Amino acid sequence: MDLVYPRALAGDLVSTWEQPLLVRHIQALASFSRVLLFDKRGTGLSDRVREVPTLEARMDDVRAVMDDAGSEAAVLWTGSEATRPAVLFAATYPERTLGLSLLDPSAKGRPSPDYPWAPTDEEWRRTIAEVREGWGTRAFLEALCREWAPTMAENEGFREWFVWHARRSLSPGAAVAFYRMIRDSDVSEVLPSVRAPTLILHRPSERGPAGFFGRRIPDARVVEIPGMVGVFTWVDDGWHEVAMRETRDLVARASGPREPDRLLATVLFVDVVGSTARLAAVGDRAWGDLLGRYHAVARRETGRFGGRELDAVGDGFLAAFDGPARAIRCAWAIRDAVRELGLEVRAGLHAGECEARGGKLVGVAVHVGARVAALAEAGEVLASRTVRDLVAGSGIGFEDRGDHALKGVPGTWRLYAVASA
């Protein structure tokens with residue numbers, strides 16, 4: 001069975017194989033699976049990029065690596081901040097996720113009443129300033145080594161390896177960008193959509209975040225490994241033994257690929273503003289021709305951004321996407337393109353779990369998307385907070401539109417207008 005191992009913040013395949021303890025860890029995983037390793041976009045051996053990859057792009061990269069390796073489905077094994085794109089992948093592509101193993105998982109970068117373990121804004125400002133000034137210098141990286149692997153901090157050979165591993169992994173600018181993405185992204189709303197068998201391994205100090213994941217991912221197994229300290233848990237013999245045993249059991253329980261009945265999707269609703277007045281002004285035949293051209297534009301842009309048309313009735317258009325940033329950019333493109341037809345549209349987006357039924361997607365998430373669209377102004381692309389949180393680092397700008405009650409949907413919903421895409 002395939003096991004995909006997306007590394008967390010720092011990763012470089014060349015220096016990975018120069019660290020015997022890390023090699024031991026990877027070879028242990030390979031004793032009961034085919035392990036797929038890769039350097040994240042913009043890190044290690046991968047090409048450098050101008051902007052930090054978003055969660056969506058990192059999810060896409062996992063899929064691209066699996067496709068290239070001929071892997072139809074796999075168990076994902078990862079930890080720390082890399083658990084966020086892994087969770088997004090598992091929820092979006094349930095048919096390709098056989099299992100999920102998360103070490104010291106992290107749901108979001110900022111604290112909230114139900115997630116008090118994230119750093120405060122002041123702590124983030126201090127951390128990012130220190131990374132900007134220090135990344136790459138020996139003093140900074142040796143201090144980071146003492147934090148991430150305290151039991152090995154006095155081992156001169158390990159410290160030397162860590163310094164060069166970090167330098168090869170990330171440039172100073174890329175390190176700052178990754179820390180900002182960690183601060184801004186949030187997958188807490190995605191967790192209930194994960195249906196794959198899930199194992200959560202954690203140190204005693206990470207009991208709170210691990211429990212947060214365990215309560216939200218259905219039937220997740222949470223295992224605390226006593227006595228563990230530091231981020232690089234693979235340096236410890238005791239941790240290694242427990243982690244391998246639990247992971248082997250997870251792989252043994254994982255079944256083959258399955259056709260999903262529920263999946264995470266971003267739904268996009270678009271409708272024409274002032275359609276009744278326009279119909280009255282131009283007449284039935286001209287209006288019918290105009291609607292046909294409008295739907296052709298919407299279908300063209302949906303295909304260009306990798307979406308799937310779900311419905312087109314009257315002046316309404318509904319599509320689904322496996323990535324929220326693509327959905328936003330599609331809505332933006334449709335809005336601009338139909339203006340050449342003399343039409344103005346409004347659009348609404350929401351990301352949530354949907355039920356696949358007869359080639360269609362149904363469920364509360366679809367209704368939320370429709371209600372969000374109904375609140376949009378002419379020419380406006382309006383998105384739920386879930387969508388905004390998932391595109392952190394994309395360069396897409398938002399304006400806060402405050403809390404709203406959505407007809408027929410419980411609670412209040414924070415909405416954001418897309419300001420730039």
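The exercises below, each with a worked solution, concern a predicted model.

**Exercise 1. The sheet**

Determine the strand order of the sheet and state which strands stand at its edges.

Solution. Step one is the order: six strands form an open sheet, arranged 2-1-3-4-5-6, with parallel pairing. Step two is the edges: strand 2 and strand 6 each have a single partner strand, so one side of each lacks a neighbour in the sheet. Step three is the twist, which averages 20° from one strand to the next.

**Exercise 2. Strand 1 and its neighbours**

Describe the pairing of strand 1 with strand 2 and with strand 3, and decide whether strand 1 is enclosed or open to the outside.

Solution. Begin with strand 2 (residues 34-38), which pairs with strand 1 in the parallel sense over five bridges. Within this pairing, Pro-6 has Phe-38 of strand 2 as its bridge partner. Next take strand 3 (residues 74-79), which runs parallel to strand 1 and is joined to it by two bridges. Here Val-4 stands opposite Leu-76.

Now turn to burial. In a regular strand the side chains alternate between the two faces of the sheet. In strand 1, Asp-2, Val-4 and Pro-6 lie on one side, Leu-3 and Tyr-5 on the other, and all are buried, so both faces are covered. With five of the five residues of strand 1 (residues 2-6) buried, the strand is largely enclosed by the rest of the structure.

**Exercise 3. Helices on the sheet**

Identify the strands that helix 3 lies across and those that helix 9 touches.

Solution. Helix 3 (residues 55-68) lies across strand 1, strand 2 and strand 3, and runs at about 140° to strand 1. Helix 9 packs on the sheet against strand 4 (97-103), strand 5 (198-202) and strand 6. The direction of helix 9 makes about 170° with that of strand 5.

**Exercise 4. Two helix pairs**

Classify the packing of helix 2 with helix 10 and of helix 5 with helix 8, and list the residues in contact.

Solution. Two packed helices are described by the angle between their axes and the distance between the axes.

For the first pair, the axes of helix 2 (residues 20-30) and helix 10 (residues 237-253) come within 10 Å and cross at roughly 20°. An angle under 35 degrees counts as roughly parallel, and helix 2 and helix 10 are therefore roughly parallel to each other. Their crossing is right-handed. On the helix 2 side the contact involves Arg-24, His-25, Ala-28 and Leu-29, which meet Asp-237, Trp-239, His-240, Met-244 and Thr-247 of helix 10. By class, this contact has four nonpolar, three polar and two charged residues.

For the second pair, helix 5 (residues 121-134) and helix 8 (residues 172-184) have axes that come within 9 Å and cross at roughly 165°. That makes helix 5 roughly antiparallel to helix 8. This crossing is right-handed. Trp-124, Thr-127, Ile-128, Val-131 and Arg-132 of helix 5 meet Ala-175, Val-176, Tyr-179, Arg-180, Ile-182 and Arg-183 of helix 8. The classes here are seven nonpolar, one polar and three charged residues.

**Exercise 5. Positive phi**

Locate Ser-80 and Asp-219, and give the exposure class of Ser-80 and of Asp-219.

Solution. Ser-80 is not a glycine, yet its phi is positive, about 55°. Ser-80 sits in the loop between strand 3 and helix 4 (83-92), and with a relative accessible area of 24% it is partly exposed. Asp-219, also not a glycine, has a positive phi of about 60°. Its loop joins helix 9 (207-216) and strand 6 (221-224), and at 78% relative accessibility Asp-219 counts as exposed.

Key
Residues are numbered from 1 along each chain as its sequence is written. This is a predicted model: local features need pLDDT of at least 70, side-chain atom pairs count only at pLDDT 80 or more; totals for chains, interfaces and linings use all residues. Side-chain values use heavy atoms; hydrogens and water are left out. Axes are lines fitted to C-alpha atoms, for helices over the stretch in contact, and angles run from 0 to 180 degrees between N-to-C directions. Helices (H or I, at least four residues) and strands (E, at least two) are DSSP runs, numbered from the N terminus. Angles under 35 degrees count as roughly parallel, over 145 as roughly antiparallel, 65 to 115 as roughly perpendicular and the rest as oblique. A crossing is left-handed if the near helix is turned anticlockwise from the far one by less than a right angle, and right-handed if clockwise. Contact means heavy atoms within 4.5 Å. Ala, Val, Leu, Ile, Met, Phe, Trp, Tyr, Cys and Pro count as nonpolar, Asp, Glu, Lys and Arg as charged, and the others, Gly among them, as polar. Buried means under 20% relative accessible area, exposed over 50%, partly exposed in between (1.4 Å probe, protein chains only). Two strands pair if DSSP finds at least two bridges between them.
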